[in-house]
Amino acid sequence: MTVTLADVAARARVSPATVSRVLNGNYPVAASTRERVLRAVDDLDYVLNGPASSLAAATSDLVGILVNDIADPFFGIMAGAAQTQIGGPGDGSGRAGGEKLAVICNTGGSPERELTYLTLLQRQRAAAVVLTGGAVENPAHQAAMAAKLAKLADGGTRVVFCGRPPLPEGDALVAALAFDNRGGGRRLTEHLISLGHRRIGYVAGPPERTTTRHRLEGHREALRAAGLDGLPAGDGTADGTGGTDGPAADDDRLVVHGPYDRRSGYEATLELLRRAPDVTAIVAANDTVALGACAAVRDQGMRIPQDISVAGFDDLPFSVDAVPALTTVRLPLFEAGARAGRLAMGKENPPPGGIATIAAELMIRGSTAAPRG
């Protein structure tokens with residue numbers, strides 16, 4: 001049922017005219033009254049009508065692109081690529097040619113901020129929303145996201161995921177473009193095992209993120225297949241009962257979680273080397289983390305790859321210019337972002353079932369080699 005201005009007024013215990021004044025911002029209103037009205041708007045999830053009732057269901061020329069951190073090339077590349085399809089140049093005359101206004105919403109990785117931006121975009125009747133990167137695996141947040149996205153879709157907003165899997169529940173998406181993080185993580189570790197590495201440290205991202213879990217699962221799948229985790233093939237525990245004593249506990253010592261940034265890579269690598277000085281290779285959660293890992297290895301007086309191999313993930317532009325060049329997993333970030341932009345604009349048909357898995361490609365470079373001795 002559609003929430004009306006009168007509903008908000010009743011909830012806030014003010015007149016409809018006062019609600020209108022608060023929302024339009026064209027008349028002074030007491031701060032306490034304004035706060036009460038805005039709280040009622042939030043509680044009821046009220047969306048402003050257009051300038052005429054006949055346009056109430058119409059969308060605007062606004063498209064929101066949600067990113068965790070626009071300064072991170074992983075997100076910047078996808079957002080920039082999406083924008084080429086959303087707000088690209090027209091015919092050069094300065095006239096509008098079907099483009100939309102793309103607005104980058106930087107969440108800082110905050111689930112609460114993600115929901116806030118979606119609410120703001122809903123109120124603006126955004127034509128489309130593109131959500132990039134991994135999602136937070138929290139049931140309450142996932143339920144809130146599913147409800148919010150459903151309301152956006154009901155209002156005519158096209159919702160596209162880029163680089164993140166679909167929600168466990170909810171079918172409000174136009175499409176979900178999900179990277180094969182699990183497969184990429186597995187192939188990267190398989191490469192190190194094929195070189196002869198048997199003690200492999202892992203610098204993981206935040207544990208609550210889908211990207212972190214999928215990449216780490218791929219890594220552990222490769223270890224398990226090679227018999228390097230001390231577990232029977234297909235088992236996930238040391239003793240088959242859910243305990244963590246024995247070899248599986250050793251695996252835990254070889255994994256350190258942290259943010260997806262250089263500092264985390266540096267500090268986590270020092271911790272890994274303290275826990276297990278016999279590691280011969282380190283896999284980093286992404287290329288930025290890998291740069292920090294490389295710095296930590298060098299500061300400990302070791303050489304890459306002669307003393308210890310280092311690998312990353314994403315194949316960000318700087319990875320080939322690292323010294324030595326970084327072995328990594330390439331994700332087609334620009335291509336995925338551009339496709340998400342086309343889907344958001346209705347320029348491309350959604351994939352079958354609305355979900356597409358985008359392949360990851362192993363890029364072998366100079367930062368990995370066979371262990372010495």
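In which sense do strand S6 and S7 pair, and over how many bridges? In this predicted model, S6 (residues 200–204) runs parallel to S7, and three bridges join the pair. Within S6 and S7, Val203 faces Val256 of S7.

This pair belongs to an open sheet of four strands. The strand order is S7-S6-S8-S9, and the pairing is parallel. Strands S7 (255–257) and S9 (309–311) form the edges. Each has a single partner strand, so one side of each is left without a neighbour in the sheet. From one strand to the next, the twist averages 15°.

Helices pack on this sheet. H8 touches S6 and S7, and its direction makes about 170° with that of S6. Helix H10 (residues 262–275) also packs on the sheet. H10 touches S6, S7 and strand S8 (281–284). The direction of H10 makes about 145° with that of S6.

H8 also meets a helix. Two packed helices are described by the angle between their axes and the distance between the axes. For helix H7 (residues 181–195) and helix H8 (residues 210–225), the axes come within 7 Å and cross at roughly 35°. The crossing of H7 past H8 is right-handed. On the H7 side, the contact involves Asn181, Arg182, Gly185, Arg186, Thr189, Glu190 and Ile193. Their counterparts in H8 include Thr211, Arg213, His214, Arg215 and Glu217. Gly218, His219, Glu221, Ala222 and Leu223 of H8 also take part. By class, this contact of H7 with H8 has seven charged, seven polar and three nonpolar residues.

Conventions
Residues are numbered from 1 along each chain as its sequence is written. This is a predicted model: local features need pLDDT of at least 70, side-chain atom pairs count only at pLDDT 80 or more; totals for chains, interfaces and linings use all residues. Side-chain values use heavy atoms; hydrogens and water are left out. Axes are lines fitted to C-alpha atoms, for helices over the stretch in contact, and angles run from 0 to 180 degrees between N-to-C directions. Helices (H or I, at least four residues) and strands (E, at least two) are DSSP runs, numbered from the N terminus. A crossing is left-handed if the near helix is turned anticlockwise from the far one by less than a right angle, and right-handed if clockwise. Contact means heavy atoms within 4.5 Å. Ala, Val, Leu, Ile, Met, Phe, Trp, Tyr, Cys and Pro count as nonpolar, Asp, Glu, Lys and Arg as charged, and the others, Gly among them, as polar. Two strands pair if DSSP finds at least two bridges between them.
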